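User: Please take a close look at the shell around the ligand and explain which parts of the chain build it.

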Amino acid sequence: MDNALVAEDLSRSYGDTAALDGVSLAVERGEVFALIGPNGAGKTTLVRALTGTTTPDAGEVSVFGAPLGALDENRISLLPQAFSPPERLTGRELLAYYAGLYDESRPVEDVLSEVGMADEADAWYETLSGGQQRRICVGSALVNDPDLLFLDEPTTGIDPAGRRDLWALIGDLADGGTTVLLTTHNMAEAEALADRVGLLADGRLVEVGSPDSLVATHGGESRLVVETDAGPDALAGSGYRVSATRGELTIHGIDPEGIATAVRALERAGVEYESLAWTQPTLEDVYLELADERAPEEPATVGGAQ
Ligand SMILES: Nc1ncnc2c1ncn2[C@@H]1O[C@H](COP(=O)(O)OP(=O)(O)OP(=O)(O)O)[C@@H](O)[C@H]1O
(Lines give C-alpha, C1' and ligand atoms only; values in the text may rest on other atoms or scores of the structure.)
Protein backbone atom coordinates (compact mmCIF):
# COMPACT_ATOMS: atom_id res chain seq x y z
CA MET A 1 0.00 0.00 0.00
CA ASP A 2 1.32 3.45 -0.90
CA ASN A 3 0.87 5.46 2.28
CA ALA A 4 1.28 9.21 2.56
CA LEU A 5 1.15 9.13 6.32
CA VAL A 6 1.77 6.47 8.94
CA ALA A 7 1.43 6.95 12.68
CA GLU A 8 2.33 4.20 15.10
CA ASP A 9 1.22 4.04 18.69
CA LEU A 10 1.14 7.78 19.33
CA SER A 11 0.61 8.93 22.90
CA ARG A 12 0.51 12.42 24.32
CA SER A 13 -0.54 13.45 27.81
CA TYR A 14 -1.10 16.86 29.36
CA GLY A 15 -0.75 16.32 33.10
CA ASP A 16 -3.23 13.57 33.96
CA THR A 17 -5.08 13.94 30.67
CA ALA A 18 -4.21 11.35 28.03
CA ALA A 19 -5.02 13.40 24.91
CA LEU A 20 -3.68 10.55 22.73
CA ASP A 21 -3.56 7.01 24.01
CA GLY A 22 -1.81 4.72 21.51
CA VAL A 23 -3.14 5.93 18.16
CA SER A 24 -2.02 4.09 15.03
CA LEU A 25 -3.18 5.21 11.62
CA ALA A 26 -2.20 4.93 7.96
CA VAL A 27 -3.53 7.27 5.27
CA GLU A 28 -3.04 6.34 1.63
CA ARG A 29 -1.77 8.75 -0.97
CA GLY A 30 -4.65 10.66 -2.53
CA GLU A 31 -7.03 9.63 0.25
CA VAL A 32 -9.31 12.02 2.15
CA PHE A 33 -9.41 10.91 5.78
CA ALA A 34 -11.78 12.60 8.24
CA LEU A 35 -11.24 12.51 11.98
CA ILE A 36 -14.43 12.88 13.99
CA GLY A 37 -15.06 12.71 17.71
CA PRO A 38 -16.43 14.65 20.66
CA ASN A 39 -14.88 17.84 22.03
CA GLY A 40 -11.67 16.96 23.81
CA ALA A 41 -11.34 13.56 22.07
CA GLY A 42 -7.81 14.38 20.89
CA LYS A 43 -8.33 15.35 17.24
CA THR A 44 -6.31 18.57 17.34
CA THR A 45 -3.61 16.89 19.41
CA LEU A 46 -3.39 14.13 16.80
CA VAL A 47 -3.16 16.65 13.96
CA ARG A 48 -0.45 18.50 15.88
CA ALA A 49 1.47 15.27 16.52
CA LEU A 50 1.18 14.30 12.85
CA THR A 51 2.49 17.67 11.70
CA GLY A 52 5.28 18.01 14.25
CA THR A 53 3.68 21.00 15.98
CA THR A 54 3.64 18.98 19.20
CA THR A 55 6.01 16.19 20.16
CA PRO A 56 4.30 12.96 21.21
CA ASP A 57 5.44 11.28 24.43
CA ALA A 58 5.71 8.02 22.51
CA GLY A 59 5.17 6.72 19.00
CA GLU A 60 6.41 7.37 15.49
CA VAL A 61 5.17 9.38 12.52
CA SER A 62 6.39 8.98 8.97
CA VAL A 63 5.29 11.02 5.97
CA PHE A 64 5.91 9.84 2.42
CA GLY A 65 8.10 7.09 3.83
CA ALA A 66 10.43 9.37 5.82
CA PRO A 67 10.45 10.36 9.48
CA LEU A 68 8.62 13.62 10.10
CA GLY A 69 11.85 15.44 10.93
CA ALA A 70 13.32 14.61 7.51
CA LEU A 71 10.31 15.87 5.55
CA ASP A 72 10.56 18.66 2.99
CA GLU A 73 8.20 21.20 4.59
CA ASN A 74 7.11 22.43 1.17
CA ARG A 75 5.19 19.16 0.74
CA ILE A 76 2.80 19.53 3.67
CA SER A 77 0.50 22.21 4.94
CA LEU A 78 -1.59 22.70 8.06
CA LEU A 79 -4.71 24.75 8.57
CA PRO A 80 -4.82 25.03 12.36
CA GLN A 81 -8.07 25.36 14.28
CA ALA A 82 -6.94 28.69 15.76
CA PHE A 83 -5.16 31.09 13.45
CA SER A 84 -3.54 34.35 14.55
CA PRO A 85 -2.00 36.03 11.52
CA PRO A 86 0.09 39.20 11.63
CA GLU A 87 -2.16 42.29 11.93
CA ARG A 88 -2.82 45.11 9.45
CA LEU A 89 -2.56 42.94 6.37
CA THR A 90 -5.17 42.47 3.69
CA GLY A 91 -6.24 38.99 2.63
CA ARG A 92 -4.09 39.31 -0.49
CA GLU A 93 -1.06 40.49 1.52
CA LEU A 94 -1.53 37.67 4.02
CA LEU A 95 -1.53 35.03 1.32
CA ALA A 96 1.51 36.67 -0.29
CA TYR A 97 3.20 36.63 3.13
CA TYR A 98 2.57 32.89 3.56
CA ALA A 99 3.52 32.19 -0.05
CA GLY A 100 6.86 33.90 0.65
CA LEU A 101 7.66 31.34 3.34
CA TYR A 102 8.00 28.57 0.74
CA ASP A 103 10.62 27.91 -1.91
CA GLU A 104 7.87 27.63 -4.52
CA SER A 105 4.33 28.88 -4.29
CA ARG A 106 1.17 29.21 -6.34
CA PRO A 107 -0.08 32.54 -7.72
CA VAL A 108 -1.92 34.30 -4.87
CA GLU A 109 -4.72 35.41 -7.23
CA ASP A 110 -5.51 31.77 -8.07
CA VAL A 111 -5.74 30.87 -4.40
CA LEU A 112 -7.93 33.91 -3.65
CA SER A 113 -10.42 32.87 -6.31
CA GLU A 114 -10.41 29.24 -5.18
CA VAL A 115 -11.46 30.22 -1.67
CA GLY A 116 -14.01 32.74 -2.98
CA MET A 117 -12.18 35.83 -1.69
CA ALA A 118 -11.06 37.57 -4.89
CA ASP A 119 -13.58 40.41 -4.37
CA GLU A 120 -12.65 41.06 -0.72
CA ALA A 121 -8.91 40.54 -1.17
CA ASP A 122 -8.02 44.15 -0.33
CA ALA A 123 -9.87 44.36 2.99
CA TRP A 124 -7.84 44.07 6.18
CA TYR A 125 -8.04 40.56 7.58
CA GLU A 126 -9.32 41.79 10.95
CA THR A 127 -12.25 43.58 9.31
CA LEU A 128 -13.46 40.45 7.51
CA SER A 129 -16.34 38.35 8.85
CA GLY A 130 -15.47 35.12 10.69
CA GLY A 131 -16.33 33.02 7.66
CA GLN A 132 -14.34 35.24 5.30
CA GLN A 133 -11.35 35.04 7.63
CA ARG A 134 -11.65 31.25 7.64
CA ARG A 135 -11.57 31.24 3.83
CA ILE A 136 -8.35 33.25 3.86
CA CYS A 137 -6.96 30.78 6.43
CA VAL A 138 -7.82 27.89 4.11
CA GLY A 139 -6.10 29.80 1.30
CA SER A 140 -2.96 30.16 3.43
CA ALA A 141 -2.77 26.36 3.61
CA LEU A 142 -2.96 26.06 -0.16
CA VAL A 143 -0.28 28.52 -1.28
CA ASN A 144 2.48 25.91 -1.36
CA ASP A 145 0.42 23.39 -3.38
CA PRO A 146 0.95 20.70 -0.70
CA ASP A 147 1.00 16.96 -1.35
CA LEU A 148 -0.40 16.38 2.13
CA LEU A 149 -2.89 18.81 3.58
CA PHE A 150 -4.07 18.87 7.21
CA LEU A 151 -7.27 20.81 7.80
CA ASP A 152 -8.40 21.23 11.42
CA GLU A 153 -12.12 22.09 11.21
CA PRO A 154 -11.78 23.84 7.83
CA THR A 155 -15.38 25.00 7.40
CA THR A 156 -16.24 26.16 10.93
CA GLY A 157 -18.02 29.50 10.64
CA ILE A 158 -18.40 29.35 6.86
CA ASP A 159 -21.91 29.78 5.46
CA PRO A 160 -23.61 26.80 3.74
CA ALA A 161 -22.87 27.95 0.18
CA GLY A 162 -19.24 28.68 1.04
CA ARG A 163 -18.98 25.30 2.75
CA ARG A 164 -20.17 23.57 -0.41
CA ASP A 165 -17.60 25.55 -2.43
CA LEU A 166 -14.85 24.44 -0.06
CA TRP A 167 -16.02 20.84 -0.23
CA ALA A 168 -15.77 21.03 -4.01
CA LEU A 169 -12.31 22.56 -3.71
CA ILE A 170 -11.14 19.84 -1.31
CA GLY A 171 -12.64 17.19 -3.61
CA ASP A 172 -10.76 18.69 -6.58
CA LEU A 173 -7.50 18.72 -4.61
CA ALA A 174 -7.99 15.05 -3.73
CA ASP A 175 -8.82 14.21 -7.35
CA GLY A 176 -5.54 15.91 -8.28
CA GLY A 177 -3.65 13.56 -5.93
CA THR A 178 -3.42 15.65 -2.75
CA THR A 179 -3.79 13.60 0.43
CA VAL A 180 -6.11 15.31 2.91
CA LEU A 181 -6.57 14.68 6.61
CA LEU A 182 -9.29 16.83 8.12
CA THR A 183 -11.11 17.08 11.40
CA THR A 184 -14.74 18.04 11.57
CA HIS A 185 -17.82 18.09 13.77
CA ASN A 186 -19.96 18.24 10.64
CA MET A 187 -20.99 14.69 9.79
CA ALA A 188 -22.37 15.74 6.39
CA GLU A 189 -18.91 17.12 5.64
CA ALA A 190 -17.22 13.85 6.61
CA GLU A 191 -19.76 11.88 4.60
CA ALA A 192 -19.40 14.14 1.55
CA LEU A 193 -15.61 14.29 1.49
CA ALA A 194 -14.01 11.35 3.20
CA ASP A 195 -12.90 8.06 1.69
CA ARG A 196 -12.48 6.89 5.28
CA VAL A 197 -13.54 8.24 8.62
CA GLY A 198 -11.82 7.64 11.95
CA LEU A 199 -13.67 8.16 15.21
CA LEU A 200 -11.52 9.32 18.11
CA ALA A 201 -12.83 9.07 21.65
CA ASP A 202 -10.79 9.65 24.81
CA GLY A 203 -7.56 9.69 22.82
CA ARG A 204 -8.20 6.36 21.10
CA LEU A 205 -9.12 5.62 17.52
CA VAL A 206 -12.17 3.47 18.21
CA GLU A 207 -13.42 2.89 14.67
CA VAL A 208 -12.12 3.43 11.14
CA GLY A 209 -13.96 2.75 7.90
CA SER A 210 -15.62 4.19 4.83
CA PRO A 211 -18.75 6.23 5.60
CA ASP A 212 -20.90 3.54 3.90
CA SER A 213 -19.38 0.67 5.85
CA LEU A 214 -19.68 2.53 9.15
CA VAL A 215 -23.32 3.38 8.46
CA ALA A 216 -24.06 -0.22 7.46
CA THR A 217 -22.39 -1.58 10.60
CA HIS A 218 -23.36 0.97 13.23
CA GLY A 219 -26.03 3.24 11.76
CA GLY A 220 -29.08 1.26 12.86
CA GLU A 221 -32.32 0.92 10.98
CA SER A 222 -34.32 3.00 8.56
CA ARG A 223 -37.34 4.59 10.19
CA LEU A 224 -40.50 6.51 9.62
CA VAL A 225 -40.80 9.71 11.64
CA VAL A 226 -44.37 10.86 12.19
CA GLU A 227 -45.07 14.42 13.28
CA THR A 228 -48.04 13.97 15.59
CA ASP A 229 -49.38 14.68 19.06
CA ALA A 230 -50.22 10.99 19.48
CA GLY A 231 -48.35 9.08 22.20
CA PRO A 232 -46.34 5.86 21.85
CA ASP A 233 -49.39 3.72 22.67
CA ALA A 234 -51.18 4.93 19.55
CA LEU A 235 -49.90 1.91 17.61
CA ALA A 236 -50.32 -0.59 20.47
CA GLY A 237 -51.01 -4.06 19.14
CA SER A 238 -49.74 -3.26 15.65
CA GLY A 239 -46.45 -5.06 16.15
CA TYR A 240 -44.38 -2.01 15.23
CA ARG A 241 -41.53 -0.86 17.41
CA VAL A 242 -42.30 2.72 18.23
CA SER A 243 -40.56 5.40 20.24
CA ALA A 244 -41.90 8.83 21.02
CA THR A 245 -40.42 12.22 21.64
CA ARG A 246 -42.44 15.40 22.04
CA GLY A 247 -44.48 15.90 18.88
CA GLU A 248 -43.00 12.87 17.10
CA LEU A 249 -43.48 9.15 16.85
CA THR A 250 -40.68 7.12 15.31
CA ILE A 251 -41.53 3.74 13.82
CA HIS A 252 -38.34 1.72 13.67
CA GLY A 253 -37.17 -0.78 11.07
CA ILE A 254 -39.24 0.50 8.14
CA ASP A 255 -37.84 -0.29 4.68
CA PRO A 256 -39.08 1.64 1.63
CA GLU A 257 -41.47 -1.15 0.72
CA GLY A 258 -42.93 -1.07 4.25
CA ILE A 259 -43.84 2.61 4.21
CA ALA A 260 -47.33 2.22 2.74
CA THR A 261 -48.27 -0.53 5.23
CA ALA A 262 -47.03 1.59 8.14
CA VAL A 263 -49.07 4.55 6.90
CA ARG A 264 -52.18 2.34 6.70
CA ALA A 265 -51.51 1.19 10.28
CA LEU A 266 -51.39 4.83 11.37
CA GLU A 267 -54.67 5.51 9.62
CA ARG A 268 -56.34 2.40 11.07
CA ALA A 269 -55.22 3.54 14.52
CA GLY A 270 -56.77 6.97 13.89
CA VAL A 271 -53.43 8.75 14.32
CA GLU A 272 -53.61 12.28 12.98
CA TYR A 273 -50.30 13.58 11.74
CA GLU A 274 -48.80 16.75 10.26
CA SER A 275 -46.03 15.11 8.25
CA LEU A 276 -44.22 11.86 7.59
CA ALA A 277 -40.51 11.49 6.87
CA TRP A 278 -38.72 8.28 6.03
CA THR A 279 -35.05 8.43 6.96
CA GLN A 280 -32.08 6.20 6.47
CA PRO A 281 -29.25 6.06 8.99
CA THR A 282 -26.41 8.50 8.40
CA LEU A 283 -22.92 9.04 9.71
CA GLU A 284 -24.48 11.21 12.41
CA ASP A 285 -26.31 8.12 13.73
CA VAL A 286 -23.00 6.24 13.71
CA TYR A 287 -21.36 9.07 15.60
CA LEU A 288 -24.09 9.23 18.21
CA GLU A 289 -24.05 5.46 18.62
CA LEU A 290 -20.27 5.12 18.91
CA ALA A 291 -19.39 8.31 20.73
CA ASP A 292 -22.24 7.63 23.14
CA GLU A 293 -23.14 11.29 23.24
CA ARG A 294 -26.70 10.58 24.20
CA ALA A 295 -28.23 8.01 26.49
CA PRO A 296 -29.13 4.93 24.43
CA GLU A 297 -32.75 5.25 23.43
CA GLU A 298 -34.48 1.88 23.68
CA PRO A 299 -37.56 1.96 21.52
CA ALA A 300 -40.60 0.78 23.42
CA THR A 301 -41.95 -2.41 21.85
CA VAL A 302 -45.66 -2.04 21.47
CA GLY A 303 -47.66 -5.24 21.12
CA GLY A 304 -44.83 -7.71 20.44
CA ALA A 305 -42.45 -8.22 17.55
CA GLN A 306 -43.12 -6.71 14.17
N1 LIG B 1 -1.87 22.52 25.43
C2 LIG B 1 -2.66 21.80 26.22
N3 LIG B 1 -2.54 21.86 27.56
C4 LIG B 1 -3.30 21.12 28.38
N5 LIG B 1 -4.25 20.26 27.94
C6 LIG B 1 -4.44 20.17 26.61
C7 LIG B 1 -3.65 20.92 25.69
N8 LIG B 1 -4.05 20.62 24.44
C9 LIG B 1 -5.05 19.71 24.58
N10 LIG B 1 -5.28 19.43 25.87
C11 LIG B 1 -6.27 18.49 26.40
O12 LIG B 1 -6.17 17.30 25.65
C13 LIG B 1 -7.48 16.78 25.36
C14 LIG B 1 -7.65 16.68 23.86
O15 LIG B 1 -7.74 18.00 23.32
P16 LIG B 1 -7.88 18.26 21.76
O17 LIG B 1 -7.83 19.75 21.57
O18 LIG B 1 -6.88 17.44 21.05
O19 LIG B 1 -9.33 17.70 21.49
P20 LIG B 1 -10.24 17.86 20.17
O21 LIG B 1 -10.78 16.49 19.86
O22 LIG B 1 -9.50 18.54 19.10
O23 LIG B 1 -11.40 18.78 20.74
P24 LIG B 1 -12.37 19.85 19.97
O25 LIG B 1 -13.32 19.02 19.16
O26 LIG B 1 -13.06 20.52 21.10
O27 LIG B 1 -11.51 20.75 19.15
C28 LIG B 1 -8.47 17.71 26.04
O29 LIG B 1 -8.78 17.16 27.30
C30 LIG B 1 -7.69 19.01 26.21
O31 LIG B 1 -8.13 19.72 27.34
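Analyst: In this predicted model, β2, spanning residues 17-28, and helix α1 each contribute at least two residues to the shell around the ligand. Of the elements involved, α1 gives the most, with 3 residues. The ligand is surrounded by Tyr14, Thr17 and Ala19, by Gly37, Asn39, Gly40, Ala41 and Gly42, and by Lys43, Thr44 and Thr45. In chemical character, this shell comprises 7 polar residues, 3 nonpolar residues and 1 charged residue.

Helix α1 itself deserves a closer description. The helix covers residues 43-51, and 8 of its 9 residues are buried, so the rest of the structure largely encloses it. Among these buried residues are Lys43 and Thr45, both of which also belong to the surroundings of the ligand. The other buried positions of α1 are Leu46, Val47, Arg48, Ala49, Leu50 and Thr51. Just after the helix, glycine 52 adopts a positive phi of about 75°.

The confidence of the prediction should be read alongside this picture. The mean pLDDT of the protein is 90, and 95% of its residues reach 70 or more. The model scores are ipTM 0.98 and pTM 0.85. Over residues 302-306, by contrast, pLDDT stays under 50, and the model has 17 contacts beyond four places in sequence for that stretch.

Note on methods: Residues are numbered from 1 along each chain as its sequence is written. This is a predicted model: local features need pLDDT of at least 70, side-chain atom pairs count only at pLDDT 80 or more; totals for chains, interfaces and linings use all residues. A residue is buried if 20 or more other C-beta atoms lie within 10 Å of its own, exposed if 12 or fewer, and partly exposed in between; C-beta atoms are placed from the backbone. Helices (H or I, at least four residues) and strands (E, at least two) are DSSP runs, numbered from the N terminus. A residue is near a molecule or strand if its C-beta atom, placed from the backbone, lies within 6 Å of it. Ala, Val, Leu, Ile, Met, Phe, Trp, Tyr, Cys and Pro count as nonpolar, Asp, Glu, Lys and Arg as charged, and the others, Gly among them, as polar. pLDDT is the predictor's confidence in each residue, from 0 to 100. Two residues are in contact if their C-beta atoms, placed from the backbone, lie within 7 Å.
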